[in-house]
Amino acid sequence: TVRDAAAYVQMRPKKYITRFLKQSKTGKKIGWNWSALILSPFWFFYRKIYKAGALFLGLTLVLITAASIPASYVATDMKNIVDEYVKITSDMTNAQMMEVFNSVPADKMTELTRYAAELMGIFALAMLIPNIFAALTADMFYRKKVVRDVKALREFAQNDHTFGVMLLRRGGVSFFAAVGCLIIFNLFTQLILYL
């Protein structure tokens with residue numbers, strides 16, 4: 001029922017129940033969820049949709065790894081050109097460093113800067129792709145989880161009180177799962193940057 005689903009969702013139930021009802025009436029599984037677009041894969045872990053969260057986290061990490069390969073070539077090329085023209089020592093002042101950087105030929109720096117900007121654009125686009133899919137499918141994944149869990153809890157619970165308590169425990173959100181996902185994401189990206 002709507003009441004059971006609202007008790008399960010807990011945080012912003014009106015928003016999600018309205019979306020679920022619209023999905024049921026229209027039969028459309030695809031929607032748009034701004035939170036999932038901006039916060040994927042963390043939003044899935046926050047809403048306790050762990051399988052979809054793991055899927056989007058894995059996809060995001062694969063894309064980070066793939067994008068880091070060409071980015072490392074650009075960084076190496078830029079470092080080589082800068083090293084060719086710039087000799088920085090630890091006792092230099094900021095003004096001296098800027099003077100040394102200005103000695104790099106403008107055409108070389110422009111070329112490398114443009115190339116790096118293009119790669120960063122590709123990197124940003126590659127990172128946006130899983131978030132767009134997350135935004136389109138988030139409500140569908142969430143609705144399936146809510147319906148599946150509420151039905152399972154209704155069958156398992158021996159009375160309404162037990163059912164209500166189980167809804168509150170199984171449903172809602174998990175700040176800790178989202179933070180855990182963020183920690184894994186940050187550790188992985190830092191590892192990729194240092195390799």
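**Exercise 1. Find where Lys-48 sits in this predicted model, and work out whether it is buried or exposed.**

*Step 1.* Start with the location: Lys-48 belongs to the loop between α4 and α5 (50-85).

*Step 2.* Now look at the surface. The relative accessible area of Lys-48 is 14%. Buried means under 20%, so Lys-48 counts as buried.

*Step 3.* Check the backbone too. Phi of Lys-48 is positive, about 65°, although this residue is not a glycine. Most residues other than glycine have a negative phi.

**Exercise 2. Do the same for Arg-12: which loop holds it, and is it buried or exposed?**

*Step 1.* Arg-12 lies in the loop between α1 and α2.

*Step 2.* Its phi is near 60°, again a positive value in a residue other than glycine.

*Step 3.* The relative accessible area of Arg-12 is 54%. The cut-off for exposed is over 50%, so Arg-12 is exposed.

**Exercise 3. Which two residues does a cis peptide bond join?**

*Step 1.* Go to the loop between α3 and α4, where you'll find Pro-41.

*Step 2.* Look at the bond between Ser-40 and Pro-41: omega is about 5°, and the bond is cis. Most peptide bonds are trans.

**Exercise 4. Describe helix α7, then place Asp-139 in it.**

*Step 1.* Take the length: α7 has 51 residues and spans 71 Å from first C-alpha to last, close to the 75 Å expected at 1.5 Å a residue.

*Step 2.* Trace the axis. You'll meet a kink of about 50°, centred on Thr-137.

*Step 3.* Asp-139 is in this helix, α7 (residues 106-156). With a relative accessible area of 4%, Asp-139 is buried.

*Step 4.* Who surrounds it? Beyond its neighbours within four places in sequence, Asp-139 contacts Tyr-16, Arg-19, Phe-20, Gln-23, Trp-32 and Asn-33.

*Step 5.* Compare with Lys-29, in the loop between α2 (13-26) and α3 (34-39). Leaving out neighbours within four places, Lys-29 touches Gln-23, Leu-136 and Met-140.

**Exercise 5. What lines the second largest pocket, and which element gives the most?**

*Step 1.* Note the space in the second largest pocket: about 230 Å³.

*Step 2.* The lining has 13 residues, and Thr-1, Val-2, Ala-5, Phe-20 and Val-147 lie nearest the centre.

*Step 3.* Sort the lining by element: α1 (2-9), α2 and α7 each give two or more residues. The most come from α7, with 5 residues.

Technical notes. Residues are numbered from 1 along each chain as its sequence is written. This is a predicted model: local features need pLDDT of at least 70, side-chain atom pairs count only at pLDDT 80 or more; totals for chains, interfaces and linings use all residues. Side-chain values use heavy atoms; hydrogens and water are left out. Helices (H or I, at least four residues) and strands (E, at least two) are DSSP runs, numbered from the N terminus. Contact means heavy atoms within 4.5 Å. Buried means under 20% relative accessible area, exposed over 50%, partly exposed in between (1.4 Å probe, protein chains only). The expected span of a helix is 1.5 Å times one less than its number of residues. The bend at a residue is the angle between axes fitted to the seven residues ending there and the seven starting there. On a 1 Å grid over the protein atoms alone, a cavity is a set of points where a 1.4 Å probe fits but cannot get out, and a pocket is an open set with protein on both sides within 12 Å along at least five of seven lines; lining residues have an atom within 4 Å of a point. Grid points are joined across faces, edges and corners, and a volume is the space filled by probe spheres set on the points.
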